[in-house]
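Ready to poke around inside a protein? Have a look at the model first, and then we'll go through a few spots together.

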Amino acid sequence: MIILILFLGFQEIGNIDVGVSLGAESRVICGDFDRDGYVEISFYTYDANAHEEKLYFFEYKDSLLLDTVIIDTLLDAGLWYIGDLDLDGLYDLVIGVGNIDFTGFSIFESPDSFSLPLNEVWRDTIYGGPVVPISVFDVDKDSLPEIFQTQGSIVDEFWVYESTGNNDYSIVFKTPLQTWDGITSSFAFGDFDSDGKVEFVYGADECM
């Protein structure tokens with residue numbers, strides 16, 4: 001980053017002094033999720049000492065504005081995707097979940113076209129296990145994005161979910177991991193061999 005700043009002319013124009021802490025994983029996602037013409041910067045934070053988690057939406061208008069949402073029922077989760085998963089015109093939010101009562105992922109959706117996606121509409125109840133990182137991509141090109149959920153070293157599989165109806169999702173594919181240990185990276189997607197099909201790659205922590 002220092003090289004980019006020095007030689008390409010990038011400069012820091014702002015700073016947000018909150019973020020993921022104490023080992024929690026997440027992504028920073030940007031977009032106009034409430035369709036008000038202003039782009040939001042969204043991310044998740046978790047304070048393990050206080051058992052407090054927050055989902056932040058920063059929006060810049062005349063000044064930097066802060067919206068804070070506390071999700072009390074989820075622990076050690078993470079924000080992974082915001083988009084329209086079921087093609088109903090409303091934004092969906094994928095957040096991972098990991099606590100002693102439930103481990104999977106949940107999907108939140110906007111109640112209308114002018115609100116943030118903060119209403120839980122679906123929760124994975126099929127299997128519990130490590131589920132981060134989570135990746136989303138339309139691999140089969142049917143306009144419905146697939147959700148890639150890693151199951152880590154417990155069952156050594158990754159599972160692929162897809163919308164099967166409004167606010168309804170099912171497993172459409174699963175396969176054993178080609179590794180001794182769980183996936184430790186997000187997935188990368190692309191037509192790497194130019195055959196018209198989408199491939200995906202992932203990183204893993206090999207151990208014996």
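A nonpolar core is a set of buried Ala, Val, Leu, Ile, Met, Phe, Trp, Tyr and Cys residues joined through side-chain atoms within 4.5 Å. Keep in mind that what you see is a predicted model.

With that idea in hand, let's start with the cores. The largest nonpolar core has 14 residues, and the members that touch the most others are Tyr44, Phe57, Leu79, Ile82, Leu93 and Ile95. Strands β2 (40-47), β3 (52-60), β5 and β6 each put at least two residues into this core. Another core, of 13 residues, lies apart from it and includes Leu85, Ile107, Val136 and Tyr161. Grouping like this fits a broader pattern: in soluble globular proteins, nonpolar side chains tend to be buried together.

Now for the rings. A search of the whole structure turns up 16 aromatic pairs. Here are two of them:

| Pair | Type | Centre to centre | Angle between planes |
|---|---|---|---|
| Trp122 and Tyr169 | edge-to-face | 5.4 Å | 65° |
| Phe148 and Phe189 | edge-to-face | 5.1 Å | 65° |

The pair of Trp122 and Tyr169 links distant parts of the chain, with Trp122 in strand β8 and Tyr169 in strand β12 (residues 168-176), 47 residues apart. Trp122 has a relative accessible area of 12%, so it counts as buried, and Tyr169 is buried too, at 4%. As for the other pair, Phe148 sits in strand β10 (residues 146-150) and Phe189 in strand β13 (residues 188-190), so the two rings tie together parts that are 41 residues apart in sequence. Phe148 is buried, with a relative accessible area of 2%, and Phe189 is buried at 18%. Ring pairs also join Phe137, Phe148, Phe187, Phe189 and Phe200 into a cluster.

Next, two acidic residues. Which side chain of opposite charge is nearest to Asp86? That's Arg35, but it is 9.8 Å away, and Asp86 is buried without a salt bridge. Asp86 lies in the loop between β5 (78-83) and β6 (92-98). Its side chain does reach the backbone nitrogen of Asn167, at 3.0 Å. Among the residues that Asp86 touches are Glu109, Leu144 and Tyr169.

Glu120 is placed in strand β8 (residues 119-123). Is Glu120 buried or partly exposed? Its relative accessibility is 38%, so Glu120 counts as partly exposed. The side chain of Glu120 makes a polar contact with the side chain of Ser106 at 2.7 Å, and another, of 3.0 Å, joins it to the side chain of Arg123.

Notes. Residues are numbered from 1 along each chain as its sequence is written. This is a predicted model: local features need pLDDT of at least 70, side-chain atom pairs count only at pLDDT 80 or more; totals for chains, interfaces and linings use all residues. Side-chain values use heavy atoms; hydrogens and water are left out. Helices (H or I, at least four residues) and strands (E, at least two) are DSSP runs, numbered from the N terminus. Buried means under 20% relative accessible area, exposed over 50%, partly exposed in between (1.4 Å probe, protein chains only). Lys and Arg count as positive and Asp and Glu as negative; His and the chain ends are not counted. A salt bridge is a side-chain nitrogen of Lys or Arg within 4 Å of a carboxyl oxygen of Asp or Glu. A polar contact is a pair of N or O atoms within 3.5 Å; within protein, one must be able to donate a hydrogen and the other to accept it, and residues adjacent in sequence count only if both atoms are side-chain atoms. Contact means heavy atoms within 4.5 Å. Rings of Phe, Tyr and Trp (its six-membered ring) pair if their centres lie within 6.5 Å; planes under 30 degrees apart count as stacked, over 60 as edge-to-face and the rest as tilted. Lists of a residue's contacts leave out its neighbours within four places in sequence.
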